[in-house]
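Please open the model in a viewer and keep the selection panel at hand. The stops below proceed one selection at a time.

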Protein chains: 4
Amino acid sequence: METKHKSDVLRRMKSIGGHVKGIERMLEEDAYCIDVIKQIQAVQAALNKVSAQLLENHLNSCVVTAIQSDSAQERERVLTEIADVFTTATKV
Amino acid sequence: METKHKSDVLRRMKSIGGHVKGIERMLEEDAYCIDVIKQIQAVQAALNKVSAQLLENHLNSCVVTAIQSDSAQERERVLTEIADVFTTATKV
Amino acid sequence: METKHKSDVLRRMKSIGGHVKGIERMLEEDAYCIDVIKQIQAVQAALNKVSAQLLENHLNSCVVTAIQSDSAQERERVLTEIADVFTTATKV
Amino acid sequence: METKHKSDVLRRMKSIGGHVKGIERMLEEDAYCIDVIKQIQAVQAALNKVSAQLLENHLNSCVVTAIQSDSAQERERVLTEIADVFTTATKV
């Protein structure tokens with residue numbers, strides 16, 4: 001990954017880690033369940049953004065390299081991986 | 001799309017169309033709301049399967065052709081499209 | 001369901017049925033896969049709206065009646081149903 | 001929340017926090033993007049489980065109390081909250 005992309009994605013993940021810590025504290029302090037659920041949903045939206053960024057980066061680097069390579073096996077592998085993460089994405 | 005894939009996907013969409021008609025009837029006959037919601041969720045799971053099949057087919061045809069082509073613009077276009085449907089998939 | 005809500009939900013489902021028919025035609029006419037996937041995602045967003053409307057209606061009618069009733073079993077049943085559709089909703 | 005439920009939910013959130021930390025490390029060590037995305041999807045599935053547990057607990061405590069109370073405003077509030085988290089759940 002390019003340094004700029006990497007540091008951006010890493011920064012987002014650290015922020016998500018902080019958010020998760022905050023939710024633990026809310027649970028310890030018996031916060032109202034609905035407020036906790038809303039915070040969990042916010043974390044999930046943030047994770048969706050990181051996933052989308054990682055996939056975009058992946059498509060523009062590894063996928064292009066693999067598809068332009070001479071190895072049919074390598075092409076097959078990267079395309080199956082993308083189909084798999086898409087299938088899972090529609091389920092979580 | 002290959003004839004075999006196409007007829008399979010088309011068969012699934014026709015079945016989904018029938019399922020949607022069935023839900024209309026349930027609503028007309030004042031079916032229990034929870035039962036209607038469960039049928040809607042079943043339709044959504046079926047639509048997810050069709051989307052995944054279409055994407056897989058797309059990856060193995062148009063995407064490979066575009067990435068192996070000499071046009072950087074064409075490569076860019078197909079990759080952006082995939083990133084877009086992935087982003088939307090994590091939201092619906 | 002109140003007549004007004006019912007006719008609104010029914011109108012939406014009929015529109016979704018028409019949308020699904022349109023997707024069948026796109027497939028028959030070999031439309032571009034990404035365009036088909038985008039239409040499927042639009043149908044899913046529309047189905048989400050119908051589900052949300054049905055759940056809201058259900059909460060304000062059956063759920064209130066059941067929870068105010070004397071039957072603990074009846075209360076248990078409606079609450080379990082809501083937990084179930086929520087669990088499924090986070091997966092489709 | 002009952003002590004047993006609370007400690008179970010809290011244990012899950014701590015485990016999710018550890019999982020997120022692990023993903024940060026994967027990013028720092030330039031792990032393969034697809035592997036990172038799969039770990040993010042695993043975290044999201046774990047968060048869905050926590051949300052579902054919290055909602056179930058909420059339904060069986062606050063919601064029952066509110067609906068059996070004499071305050072129409074209080075009933076309205078809890079029902080609107082549930083409809084809201086359901087709507088968001090179908091989007092993230």
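Begin by selecting Cys33(B) and Cys62(C). The sulfur of Cys62(C) is the closest cysteine sulfur to that of Cys33(B), yet the two lie 5.7 Å apart, too far for a bond. The model is a predicted one; a disulfide would require the two sulfur atoms to be within 2.5 Å. Cys33(B) is also buried, with a relative accessible area of 7%.

Next, select Cys33(D) together with Cys62(A). Cys33(D) takes part in no disulfide, and the nearest cysteine sulfur, that of Cys62(A), is 5.8 Å away. Is Cys33(D) buried or exposed? Its relative accessibility is 7%, so Cys33(D) counts as buried. Over all chains, the structure holds zero disulfides.

Now turn to chain C and select residues 33-68, which form helix 2. This helix has 36 residues and spans 51 Å from its first C-alpha to its last, close to the 52 Å expected at 1.5 Å a residue. Within the selection, where is the kink in helix 2 of chain C centred? It is centred on Leu59(C), with an angle of about 40 degrees.

For the last stop, display chain A and chain D together. What rotation superposes chain D on chain A? A rotation of 180 degrees, with 0.0 Å of shift along its axis, does so with an RMSD of 0.0 Å. The two copies are therefore related as by a two-fold rotation axis. Both copies use the same surface: 100% of the contact residues of chain D recur in chain A.

Methods:
Residues numbered from 1 in each chain as written. Chains lettered and ligands numbered in written order. Predicted model: local features only at pLDDT ≥ 70, side-chain atom pairs only at ≥ 80, totals over all residues. Heavy atoms only, no water. Helix = DSSP H or I, 4+ residues; strand = E, 2+ residues; numbered from the N terminus. Expected span 1.5 Å × (residues − 1). Bend = angle between axes of the 7 residues up to and from the residue. Buried < 20%, exposed > 50% of the residue type's maximum accessible area, 1.4 Å probe, protein only. Least-squares fit on C-alpha atoms with pLDDT ≥ 70 in both. Contact = heavy atoms within 4.5 Å.
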